[in-house]
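Me: I'm new to this structure and would like a close look at a single part of it, starting at the surface and working inward. Could you walk me through it in one connected answer?

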Amino acid sequence: MGGLVAARVLADFYDKVTVVERDVLPHDAANRRGVPQGRHVHALLGRGTAVLNELFPGFADELVGAGAPSVDYHDLSEMYFSFAGREFIRAGAFLSVPPVLIPSRPLLENVVRQRLRAIENITLLEGYDVVELTSIGAGDRVTGALIRAHNGHGEQVLAADLVTDATGRGSRTPVFLEAVGYGRPVEDTVKVRLSYSSQLLRLPPGTLKEKMPFKRYCPTSQVN
């Protein structure tokens, strides 16, 4: 998602934007291996919805039209939150809080991806790994990236005015920068002692009236 949204923003400032993606992307809402927390429940809060609506006009309506539930906080009984045995208030309303959308990660990513495919100056280059960064002879400016196809059909150099890394915690940029003589950037690490556990269930229609059930257990910090 970071790379997809970055591509949309950069498209306003550059003639051509290329997204290099290691996977061959599905053309529908499907789970993919290696997507962090991809199979867990997702929530798109008000600020996130506002930003995506600005980048992709009508985005929220499209997401709801594709089946994503929406909670507007006008009826707090629609939600069930329990933290360490303490249940959140389930009566009344919050009239000034922006609605929250609850799409699956595959649905959210797919809608963004299809919007990107429709933008003329954005190209999604699928099935490639970034192997190294390229730089000019003096080594004082990165000029692009060397990419290699997963299917063995060779490699190519992508020239670029700007290279953006959105691979997350698996990023190899520190290694790439060190290889071209810049050295590794200083890193700060914050340990988060939190784990997630999800289970898919089939329930008869009408079993739950809540749109957003959420329970957190302590001290193991598991979320269901």
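Reply: Let's start with Tyr14, which is partly exposed, because its relative accessible area of 31% lies between the 20% limit for buried and the 50% limit for exposed. Please keep in mind that this is a predicted model. To find Tyr14, look in the loop that runs between α1 (2-10) and β1 (17-21). Tyr14 shares a nonpolar surface patch of about 380 Å² with Val9, Phe13 and Leu162. A residue needs over 30% relative accessible area to belong to such a patch, so Tyr14, at 31%, qualifies on that count.

Now look for the charged residues in this stretch of the chain. Side chains of opposite charge can pair when their charged atoms come close. Here Arg8 and Asp12 do this, with a salt bridge of 3.1 Å from N to O. What is the relative accessible area of each partner? Arg8 is buried, at 14%, whereas Asp12 is exposed, at 54%. So this salt bridge joins a buried side chain to an exposed one.

Arg8 also leads us inward, to Phe56. Setting aside neighbours within four places in sequence, the contacts of Phe56 are Arg8, Val112, Arg115, Leu116 and Ile119. Phe56 belongs to the largest nonpolar core, which has 22 residues. Within that core, Phe56 is one of six residues that touch the most other members, and the others are Leu44, Phe59, Leu63, Leu116 and Ile122. Two or more residues of this core come from each of α1, β1, α2 (46-55), α3, α4 and β6 (122-126). With five residues, α4 gives the most to it. A separate core of seven residues lies apart from this one, and Val71, Leu76, Met79 and Phe81 are among its members.

Let's follow α4 for a moment. This helix has 13 residues and reaches 18 Å from its first C-alpha to its last, close to the 18 Å expected at 1.5 Å a residue. How much of α4 is covered? It is mostly covered, as ten of the 13 residues are buried. They are Arg105, Pro106, Leu107, Leu108, Glu109, Asn110, Val111, Val112, Arg113 and Leu116. The buried residues of α4 pack against α1, α2, α3 and β6.

That list of buried residues includes charged ones, such as Arg105, Glu109 and Arg113. What do their side chains meet? Glu109 and Arg105 form a salt bridge, at 3.3 Å from N to O. Both partners sit in helix α4, and because they are four residues apart, about one helical turn separates them. Glu109 is buried, with a relative accessible area of 6%, and Arg105 is buried too, at 14%. The pair is part of a network of salt bridges that links Glu21, Asp23, Arg32, Arg105, Glu109 and Arg113.

A further salt bridge involves Arg115, which you met as a contact of Phe56. Its partner is Glu62, and the closest N and O atoms of the two are 2.9 Å apart. Glu62 belongs to helix α3 (residues 59-65) and Arg115 to helix α4 (residues 105-117), so this pair ties together parts that are 53 residues apart in sequence. Glu62 counts as partly exposed, at 34% relative accessibility. The full count for the structure is ten salt bridges.

One more residue is worth finding, away from α4. Tyr73 is in the loop between β2 (70-71) and β3 (79-83). Tyr73 has a positive phi of about 65°, although it is not a glycine. Is Tyr73 buried or exposed? Its relative accessibility is 15%, so it counts as buried.

Finally, step back to the whole protein. There are five helices and twelve strands, and the C-alpha atoms fill a box of roughly 65 × 40 × 35 Å along the principal axes. Of its 224 residues, 30% count as buried. The protein exposes about 14,900 Å², with carbon and sulfur atoms supplying 53% of that area. Among contacts between residues at least 6 apart in sequence, 62% join residues at least 24 apart.

Key
Residues are numbered from 1 along each chain as its sequence is written. This is a predicted model: local features need pLDDT of at least 70, side-chain atom pairs count only at pLDDT 80 or more; totals for chains, interfaces and linings use all residues. Side-chain values use heavy atoms; hydrogens and water are left out. Patches are made of residues with over 30% relative accessible area and no salt bridge: like charges are joined within 9 Å, nonpolar side chains (Val, Leu, Ile, Met, Phe, Trp, Tyr) within 5 Å. Accessible areas come from the Shrake-Rupley method with a 1.4 Å probe; for residues, only the protein chains shown count as cover. A salt bridge is a side-chain nitrogen of Lys or Arg within 4 Å of a carboxyl oxygen of Asp or Glu. Buried means under 20% relative accessible area, exposed over 50%, partly exposed in between (1.4 Å probe, protein chains only). A nonpolar core is a set of buried Ala, Val, Leu, Ile, Met, Phe, Trp, Tyr and Cys residues joined through side-chain atoms within 4.5 Å. Contact means heavy atoms within 4.5 Å. The expected span of a helix is 1.5 Å times one less than its number of residues.
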